[in-house]
Amino acid sequence: MAAAWLQLAPGSLWLLAFFVAPVLIMLGYSVMHAGTYGGVSPGLTLGAYRRFVDPLYLTILLRTVLISLVCTAICVVLGFPVAYVIARSGRWKHRLLFLVVLPFWTSFLVRTYAMIFLLRDGGLINTWLQALHLIREPLTMLYTPGAVVAGLVYGFLPFMVLPIYASLEHLDPALLEAAENLGARPWSRFRRVTLPLSLPGLVAGSLLVFIPALGSFLTSDLLGGAKQVMLGNLIQNQFTTARDWPFGAAASFVLMAAVLAALLVYVRVQRPRVDAA
Amino acid sequence: MPRRVPPSLAGVTALVYLFLHAPALVLVLFSFNRSRFSVEWTGVTLDWYARLAGRSDIFRALRASIIVGMASTAIATTLGTLIALGLARRRFPGRETYEAALYLPIVTPEIVVGISLLVLFAAIGVPLGLTTITIAHVAFSISFVVVVVLARLRGMDRTLEEAALILGADELTAFRRVTLPQLWPAIAAGALLAFTLSFDDFIITFFVSGVGSTTLPLLVYAMVRRSIEPTVNAISTIILLATTLLVWSADRITSGPRTPRAVAG
Amino acid sequence: MKANRHVPHRLNRRELLRLACLGLAGLPFAGVPGCSGRDAARVPVADLEPELNIYNWSDYIAPDTVRAFEREFGVRVSYDTYESNEELLAKLAAGAAGYDVVVPTGYGIQALLAQDLLAPLERSRLSNWDNIAPLFRDSPYDPGRRYSVPYQWGVTGIAYRADRIAAAPDSWGTFLESRYAGHMTMLDDGREVLGAMLKLRGHSYNSVNAAELAAARADAIAAKANLMAYVSAPVKGQLIAGDVWLAQLWSGDATQARVEQAEIEFVVPREGSMLFGDAMAMSRGAPHPRAAHAFMNYVLRPDVGAAIAQATGYGTPNAAAAARLTPARPYPTAAELARLEYQAELGPANALWDRTWVEVKSA
C-alpha cells in the first residue's frame, strides 16, 4: 500500500492544490448570489441550480449531448482504422502518429477559419465539385449543424486515435495469425481478437472525445454561425456577458455531476478487466 | 509473415489524413495570399512573412508557448504515468472513485478552471506569469496522460514482468527493463497529447497569464477574432515547417541502416 | 514468442532524442532578432518609472506607437492584448493585477468604476488634453472624465455591397425582409442585435423594459430566419468575397474592409444606432502611474492619434489628429447625434438581456 501512495502522491497533490481547490472555490460561488458586475456577493442560495431546471436550458443540454454523441461516434468510425493502420505500420509508426498530431500544433482557431474557406459556397470543395460536374449549385455546408459536427470531429480526432493506438500497439500479430489459421474470417478475427484487446483504448478515446465535446463552444460559433447555443456557450457567457458566475458555476457542476455518475458506472464495469495483484 | 494492412483500411486512413491536413494546408497556402482576409485568393506575396520579422511580440509569444509546453508536458507526463501505474497495479480503498474523479479535469469547462485558478492565485498572492500558466497546464494535462497510459497498462501482459521477477530482478529493474519499454508508446502518446493541449490552450491561459506572459494562442486568438491577418498564417506555417524538420532530422539520426525486424516466430 | 520485443528498447532512445530536439527548438528563440528589442540602456525621462504595462485590444494601435514611445521616454513597455470587454472585466474582477493602462469600452468603464477598480487621473499630467474634441471631453459613462482619456470612437451600422444590393439600406428593418435572405449577417452580440431591434421600434438602445425587450426578441427571431449567421468582426472577409451582402458591423471594420473592396459602403440606419467610445483608464493600484499618464498624454498628440486611427480604421476623439486623417472621418453631426446612444452599463438588468438573447439564439 505504501508503494501505491508513493506513485499516486505527487500527481494527486498537484491536482489537489491546483484543480480541486479552485473547483471548490467555484462550488462555493455556485451557491452564492451573483455580483452585479461579475463575481459574487455574499449570501447563500440555491437559486442558480434551480434556474437550471428550465426548458430553455435543458433543451440546450440535450442538444449538446446529442451533438457530442454524434461527434464521438464519427470519431470512433474514423479513428479506429487510422489507429489500427498506424499500429501495424512498423517503421512508419511514429511518423504517421506524428502526422496525426502535427496539424494541431497550429492554432485551432486559424485552422477552423481555414475550414470556413473550404466549406463556403464559393469555397474550395464546392468549386471542385462543380468543376467535376458532380453538382450544379453550390452545396450549403457552412453555418449548418453538419459543419459544427465536422468541426468537432476535426478538433477531437487525435484524442481518439492516440489512446486506441496505444492500446493496439502491442497487439501481437501472432494472435491474428493463429485465428486465421484456425479458420476465422476477417470480420470474425476483428470481432473476437482485435476489438476486445483494443477496448480499453476505444473507451478511453470515446471519453476523451465526448467529455470535452460537451464543453465546446468555439466550433458552434465559427462553423455554425452562432445560431445555436451549446452548453459550452451558455457557461462561457455566464462568466462574460451575462455576469452570472453562480449560474455558470452551477451549470458546470450539473454537467460534471452527470458525467461523473456515468464514469463511476464505467469504472465499475472495468473491474473484471484489472489484473489481479 | 509480413504485417498486412487491408487496402480498404489504408484507403480510409488516407482520406482521414487528408481531412486532418486540408485546413492546415489551406492555412499554409493563405500565408502567401495577397488579400488580408483569408477568404479568396487574390495573388502571391511574401509580405506577411516580411512583417513577421518586425513582430517581436510574436517571437516572444512563441518562445513562451514552447517553454510552457515543454515544462508542463514533462511534469504532466511523469506525474500522470505514476498515477496510472498506481491505479493499475495497486489495490487501495476508494480506487474506483479516485479513478472516476481523475476525469474531472477533462469534463470541467475551461472557463471555470481558468477563473477559479485566477481567484486562487490572487488570494494567495502568487504573481501571474509563465509559472502560473505552466502550473495550470499541468493540472489539466495529467488526466489525459493517465487515461492513455492506463488504457495500455490494463491490456498489458504481465508474464514477462513476472518472469523477470522470478529470475531475480528487483522491482525497479523489472520495471525499467521490461515494463517501461512496453509502456513507452503509451507514454509518448500521452506526452504528445499533453503538449498539444498546452501549446494551443487559450481560455485557461488567458485568465492565469500575467503581464508580459502572452503565449502564442493568446496572441493568435486575439488577432484572429478581431481581424484575421495572414501574419498569423505565416507564423503557423513556420511552426509546422520547424516541427516537421526537427522530427524528421531526429528520425534520421536515430534510425540507422539497421532494421532488426525480428519477425515473430 | 516475444523475441521481437527487443525493438522497443531502440524506440526508447529515439523518443528521447525526439523530445530533446523539440526542446532544443526553444533555445534559439532566446536569441531571435527583435526578440527583446531592449537595445540601448534606457534611462526614463523626468520622474517616470522605468516600466509600463499596457493591456489593450488586439490590433488596436499603430505598429510603431509603442516602440516610438519607448524610445522617446526611456520606458520599457509590456504590451498585452485581449479581445473582448467581458474577458477583461472577468479577469480584473477575479483579481488579476499588474496592468497600468487598460482600454475598455464605455460601459466597461462604468462597470469597473462601480467595482472601484480604477484610479482617478491627474489632469495636470495630461498637457495635450485640449486636443480632445469637445464632443468627447465629457461622457455619460465617466462624468467629468475623471478616470478616462478617450481613445477611439465608432458607430454601429450596416455595411453592404453596393454592387449586390438594389438600393442602399437605411433601416434596421432590412434584416426583417427576406429579399436578401441567406446573405445577411448580424453581429454576434446580444446588445447590438436586440439594441437594433429596439431602435427599429423607436425605443432606447439600452431599454430595460420587459415588454419592449419582448418585442425586440420577436423581431430578432423573425430576422434570424433571414440571416446567414451571427458574425462579428471576421465577417469582413466574407463581405469582401461577396458571400455576405449586408452585415451589421462597426464603422472601423467597415473602413478596413473598404480598403480591399471598394464596393463596400457603410450607413447608419435612420432609426439610430449605437455610438461607442473606447477609453484609456488606469487601474487602481497601478504600479507605474506616472509612466501611464505619460503614455496617455503621448497618445493625445496629433500625429500619434492620427497614426492610430489610420491603422485601426476607427475615429479619433482627438480633434487635432482627426484633421490629419485621409479620407476624413467626420464627427457625428448634431442631427446624427440625436439618433445615437452610448451603450450603457445595464447593471442588474443584464440578466434579463442575457436571457432574452439566449432565447433568440435557441429559437
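In what pattern do α and β elements follow one another along the sequence of chain A? Read from the start, the order is α-β-β-α-α-α-α-α-α-α-α-α-α-α.

**Figure 1. Secondary structure of chain A in a predicted model.** Chain A holds twelve helices and two strands. In sequence order, one α element comes before the β-β pair, and the rest of the pattern is α. The C-alpha trace spans about 70 × 70 × 35 Å along its principal axes.

**Figure 2. Burial and contacts in chain A.** Chain A has 277 residues, and 58% of them are buried. Contacts between residues at least 6 apart in sequence were sorted by separation. Of these, 65% join residues at least 24 apart.

**Figure 3. Surface and charges of chain A.** The exposed area is about 11100 Å². Carbon and sulfur atoms supply 72% of that area. Chain A carries 19 positive and 10 negative charges. The mean positions of the two sets lie 2 Å apart.

**Figure 4. A nonpolar surface patch in chain A.** Five side chains are shown: Leu13(A), Leu16(A), Val20(A), Leu24(A) and Leu27(A). Together they make a patch of about 440 Å².

**Figure 5. Close-up of Val20(A), one of the patch residues.** Val20(A) sits in helix H1, which covers residues 2-30 of chain A. Is Val20(A) buried or exposed, or partly exposed? Its relative accessible area is 32%, so Val20(A) counts as partly exposed. Patch residues need over 30% relative accessible area, and Val20(A), at 32%, therefore meets that cut-off.

Conventions:
Residues numbered from 1 in each chain as written. Chains lettered and ligands numbered in written order. Predicted model: local features only at pLDDT ≥ 70, side-chain atom pairs only at ≥ 80, totals over all residues. Heavy atoms only, no water. Helix = DSSP H or I, 4+ residues; strand = E, 2+ residues; numbered from the N terminus. Buried < 20%, exposed > 50% of the residue type's maximum accessible area, 1.4 Å probe, protein only. Contact = heavy atoms within 4.5 Å. Areas by Shrake-Rupley, 256 points an atom, 1.4 Å probe, with all protein chains shown as cover. Lys, Arg positive; Asp, Glu negative; His and termini not counted. Charge placed at Lys NZ, Arg CZ, Asp CG, Glu CD. Patch = residues over 30% accessible without salt bridge, like charges linked within 9 Å, V, L, I, M, F, W, Y side chains within 5 Å. Salt bridge = Lys/Arg side-chain N within 4 Å of Asp/Glu carboxyl O.
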